[in-house]
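The following note is intended for a first-year student. Please keep the structure in view while reading the numbered points.

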Amino acid sequence: MCGVEIKKNGNGNSEINNNSTRNYENGNGITKINGNGNGITSNGVHHSSRQNDDVVINLDQGDPKMYFPYWKNVDDKCTITIKASELMSYFADVSNGGVFYQMPEFTEAVRRVHRVVGNAVADDRYIIGGTGSSQLFTVALKALASTVKSSTTDYENYRIPVVCAEPYYSCYGEALEEGKSEVYKWEGDANKFKVDGPYIEVVTTPNNPDGRCREPVVNKEGGMVICDLAYYWPQYTPITAPADYDVMLFTLSKATGHAGSRVGWAIVKNKEVAMNMIKVMTLETIGTCHEGQLRATKLLDFVADGYDDQLVDDKPDGLFEFGHRVLAERWEKLRAAVESCGAFSLPDFPSDFCNFWGKHCQPNPAYAWMELKSGGEAAKLMSELKIRTRCGTRFGVSAKYIRVNMMESDVSFNLFLERLSTIKLE
Ligand code: PMP
């Protein structure tokens, strides 16, 4: 159970304790609350009471805590030490094609891990680091919008529509609407997009929330694509070919599980778009944190070493084997629990040949996209079981759907299954 235990505190409420000595090592996504959580009825579905019912399980965010046991085992092999006098300048590399804030070893580690995994073409492309891929998403939008605006005056007062096929990752629209940009605007579902003129389509593949592999759906003149490949790693999905879109986004958060480091990177083909992105990065934050880059470099190199045929004696245990095994086991257990509960359905995924594993494999998505068969509000039913999930409406679809984080800690995932088993159809 990844170094955690459940014990009663002085008030008789359950809480999840983390056995680690430093409290920033690992939360468990579980909040201590009052109340017994018994006897709740919703949507014609009953559940009976069980132990630990008073503990809230947070499966709403995509926090990747499942990777903790892997990295706990590695720990000192990936330590970095930074002296007070190091990494002081704004500049990390003035010769790096304009990305002055980026350490060359970070750029090389990104290229190396993509070469080893075969999930994206990264050689002869611009690699642009950001504070997570969340930052790079808006940076890419601004850069693409300014390439359109600088090429012609036809679109001076035009806000470039940004679309994504539903169900879409909830933060895209939310970030755009919050940003209130004058150069682009969120237009929602790409399948309903009919307007002529420049537009940007975001393609998330495999998709968050439903795990499906995707391609652009609009395919009209003037279209630009940002491909979000946060989950295009072998633990989540078969790697069928190296992705080679104009603008691709990746994040350390889902590649290795180090979400707190806030490191993402864009792989960009076109020089003008790349230069515009660097300009936005410069104006917004004068680049990214060098400490984060250094840590990401260490972690990505460690992962790549695990698959380096030149290394024989000192080859680390593979991160992707670990991630694939944990997720495959969880999906198997979840499918069995969902079948015996009967209230929900889950998507089926076709297997495909994975170039990385060298065999046919089943996808193991990072989220379970669950549909409440009776209709009604699935997230409400889950919250009655003290399970936080994300409602389908945030992804542009019905409230009968919920997204459940499959990357939480073992203890949270197991409690989730336990509570699912208390649901009884009327
Ligand atoms: N894109 C997708 C599809 C995601 O699921 C997430 C994280 N949930 C992000 C981007 C943002 O990742 P980061 O932590 O790098 O900001």
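1. In which order do the strands of the open sheet of four strands stand? The order is β14-β17-β20-β19, and the pairing is antiparallel. The edge strands are β14 (344-345) and β19 (390-391), each of which pairs on one side only. Helices (H or I, at least four residues) and strands (E, at least two) are DSSP runs, numbered from the N terminus. Two strands pair if DSSP finds at least two bridges between them.

2. Within this sheet, β17 (residues 367-372) and β20 (residues 401-405) run antiparallel and are joined by five bridges. A368 has V404 in β20 as its bridge partner. In general, strands of a sheet pair through backbone hydrogen bonds, either parallel or antiparallel.

3. The basis of the description should be stated. This is a predicted model, in which local features need pLDDT of at least 70 and side-chain atom pairs count only at pLDDT 80 or more, whereas totals for chains, interfaces and linings use all residues. Residues are numbered from 1 along each chain as its sequence is written.

4. The chain contains 10 helices and 21 strands. Of its 426 residues, 45% are buried. A residue is buried if 20 or more other C-beta atoms lie within 10 Å of its own, exposed if 12 or fewer, and partly exposed in between; C-beta atoms are placed from the backbone.

5. Strand β12 (residues 247-251) is mostly covered, since five of its five residues are buried. V247, L249 and T251 point one way from β12, while M248 and F250 point the other way. Strand β11 (residues 223-228) runs parallel to β12, with three bridges between them, and D228 stands opposite L249. With strand β13 (residues 263-268), β12 pairs in the antiparallel sense over five bridges, and T251 stands opposite G264.

6. T251 also belongs to the surroundings of the ligand. Among the 13 residues around the ligand, those that come nearest are G132, S133, S134, T251 and S253; a residue is near a molecule or strand if its C-beta atom, placed from the backbone, lies within 6 Å of it. Helix α3 (residues 132-151) gives the most to this shell, with three residues. The shell divides into three nonpolar, nine polar and one charged residue.

7. The largest nonpolar core has 111 residues, and those with the most contacts inside it are I128, A140, I200, M248, A266 and M277. Such a core is a set of buried Ala, Val, Leu, Ile, Met, Phe, Trp, Tyr and Cys residues joined through C-beta atoms within 7 Å. Helix α3 gives the most to this core, with nine residues. The core lies between domain 1 (4-72 + 344-425) and domain 2 (90-305), because both give residues to it; the domain bounds come from an automatic or database domain assignment.

8. Finally, F193 lies in the loop between β9 (184-189) and β10 (199-204). Why is F193 classed as partly exposed? The class follows because F193 has 19 other C-beta atoms within 10 Å. Not counting residues up to four places away in sequence, F193 touches P161, V163, E187, Y199 and V218; two residues are in contact if their C-beta atoms, placed from the backbone, lie within 7 Å. The C-alpha atoms of F193 and A165 are separated by 9.4 Å, although these residues are 28 apart along the chain.

Definitions and conventions:
Ala, Val, Leu, Ile, Met, Phe, Trp, Tyr, Cys and Pro count as nonpolar, Asp, Glu, Lys and Arg as charged, and the others, Gly among them, as polar.
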